[in-house]
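Let's go through a protein model together, one question at a time. Keep the sequence and the 3D view open as you read.

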Amino acid sequence: MKFLFLALGGAGGTVLRHLVSELTNRLFSGEFPAGTFAVNMIGSFFIGFAFGISGTFKISPNIKLFLFTGFFGGFTTFSSFSHENANLLSSGNHHHAFLYILASNVLGISLAWAGYIISGSILNNRS
C-alpha cells in the first residue's frame, strides 16, 4: 500500500512541476532556468510549511510518504537543477550558473524555514 501512496504522490508532483515550469518559462524567457528555479523555490516553501503542520497534527506514515517523498519529491528536481547548471557552465555562462546556485540554495533554505515558521504562526504553537 505504501508504494501506491508514493506513486500517486510522485505522479501528482511531477505533473504539477511540468505545468508550473512550462508556465514560468513562458513568462520568463532567457538563459536563466526560471521554470526549475520556480518549482524548487515553491516546493521549498511548501515542504517547510507541511513539515511544520505535520509536527502538530498526527499524520499517518502513508500520507507522509505520499506528501514528502512522493509529491514534493516529484514536484522539486535536483537533477534538472544540476543539469541546467552544467549547461550554463559548459556554455560559458558562469555568471548565471553562480547566481542560480547561490539563489537556489540561499533562497530555497530560507523559504523552507519561512514555511515552517508561518505554519507555526498559523497554528500558534511556535514563534
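Q: Is N40 buried or exposed?
A: Keep in mind that this is a predicted model. N40 has a place in helix 2, and its relative accessible area comes to 11%. Buried means under 20%, so N40 counts as buried.

Q: Which residues does N40 touch, leaving out residues up to four places away in sequence?
A: A contact here needs heavy atoms within 4.5 Å. With residues up to four places away in sequence not counted, N40 touches T76, T77 and F81.

Q: How many helices and how many strands does the protein chain have?
A: Start at the N terminus and walk along: the elements run α-α-α-α-α. That fits the totals for the protein chain, which are five helices and zero strands.

Q: What share of the residues of the protein chain counts as buried?
A: The C-alpha trace spans about 50 × 35 × 25 Å along its principal axes. The chain has 127 residues, and the share of them that counts as buried is 32%.

Q: Among contacts between residues at least 6 apart in sequence, what share joins residues at least 24 apart?
A: Here we set aside contacts between residues that sit less than 6 apart in sequence. Of the contacts that remain in the protein chain, those joining residues at least 24 apart make up 73%.

Q: Are helix 1 and helix 3 roughly parallel or roughly antiparallel?
A: Two packed helices are described by the angle between their axes and the distance between the axes. For helix 1 (residues 2–27) and helix 3 (residues 61–75), the axes come within 6 Å and cross at roughly 30 degrees. Angles under 35 degrees count as roughly parallel, so helix 1 and helix 3 are roughly parallel.

Q: How many charged residues does the contact of helix 1 with helix 3 have?
A: On the helix 1 side, the residues that meet helix 3 include K2, F5, L6 and R17. Helix 3 brings residues including N62, I63, F66 and F75. By class, the contact has 10 nonpolar and nine polar residues, and the charged ones number two.

Q: Are helix 2 and helix 5 roughly parallel or roughly antiparallel?
A: The axes of helix 2 and helix 5 are 7 Å apart, and the packing angle is about 30 degrees. Under 35 degrees counts as roughly parallel, so helix 2 and helix 5 are roughly parallel.

Q: Is the crossing of helix 2 and helix 5 left-handed or right-handed?
A: Take a look at what makes up this contact: its residues divide into 16 nonpolar, eight polar and no charged. As for the hand, the crossing of helix 2 and helix 5 is right-handed.

Q: Are helix 4 and helix 5 roughly parallel or roughly antiparallel?
A: The axes of helix 4 (residues 78–90) and helix 5 (residues 94–123) come within 7 Å, with a crossing angle of roughly 155 degrees. Over 145 degrees counts as roughly antiparallel, so helix 4 and helix 5 are roughly antiparallel.

Q: Which residues of helix 4 make the contact with helix 5?
A: Helix 4 passes helix 5 in a left-handed crossing. Helix 5 brings residues including H94, A97 and Y100 to the contact. From helix 4 come F81, E84, N85, L88 and L89.

Q: Which residues form the largest nonpolar core?
A: Helix 2 (34–54), helix 4 and helix 5 each supply at least two residues of this core. L88 is one of its members, and among the residues L88 touches are A97 and Y100. The six residues of the core are F37, M41, F81, L88, A97 and Y100.

Q: Is W113 buried or exposed?
A: You'll find W113 in helix 5. Its relative accessibility is 55%. The cut-off for exposed is over 50%, so W113 counts as exposed.

Q: What separates the C-alpha atoms of G55 and Y116 in space?
A: G55 lies in the loop between helix 2 and helix 3, and at 66% relative accessibility it counts as exposed. Along the chain, G55 and Y116 are 61 residues apart. In space, their C-alpha atoms are separated by 9.8 Å.

Note on methods: Residues are numbered from 1 along each chain as its sequence is written. This is a predicted model: local features need pLDDT of at least 70, side-chain atom pairs count only at pLDDT 80 or more; totals for chains, interfaces and linings use all residues. Side-chain values use heavy atoms; hydrogens and water are left out. Axes are lines fitted to C-alpha atoms, for helices over the stretch in contact, and angles run from 0 to 180 degrees between N-to-C directions. Helices (H or I, at least four residues) and strands (E, at least two) are DSSP runs, numbered from the N terminus. Angles under 35 degrees count as roughly parallel, over 145 as roughly antiparallel, 65 to 115 as roughly perpendicular and the rest as oblique. A crossing is left-handed if the near helix is turned anticlockwise from the far one by less than a right angle, and right-handed if clockwise. A nonpolar core is a set of buried Ala, Val, Leu, Ile, Met, Phe, Trp, Tyr and Cys residues joined through side-chain atoms within 4.5 Å. Buried means under 20% relative accessible area, exposed over 50%, partly exposed in between (1.4 Å probe, protein chains only). Ala, Val, Leu, Ile, Met, Phe, Trp, Tyr, Cys and Pro count as nonpolar, Asp, Glu, Lys and Arg as charged, and the others, Gly among them, as polar.
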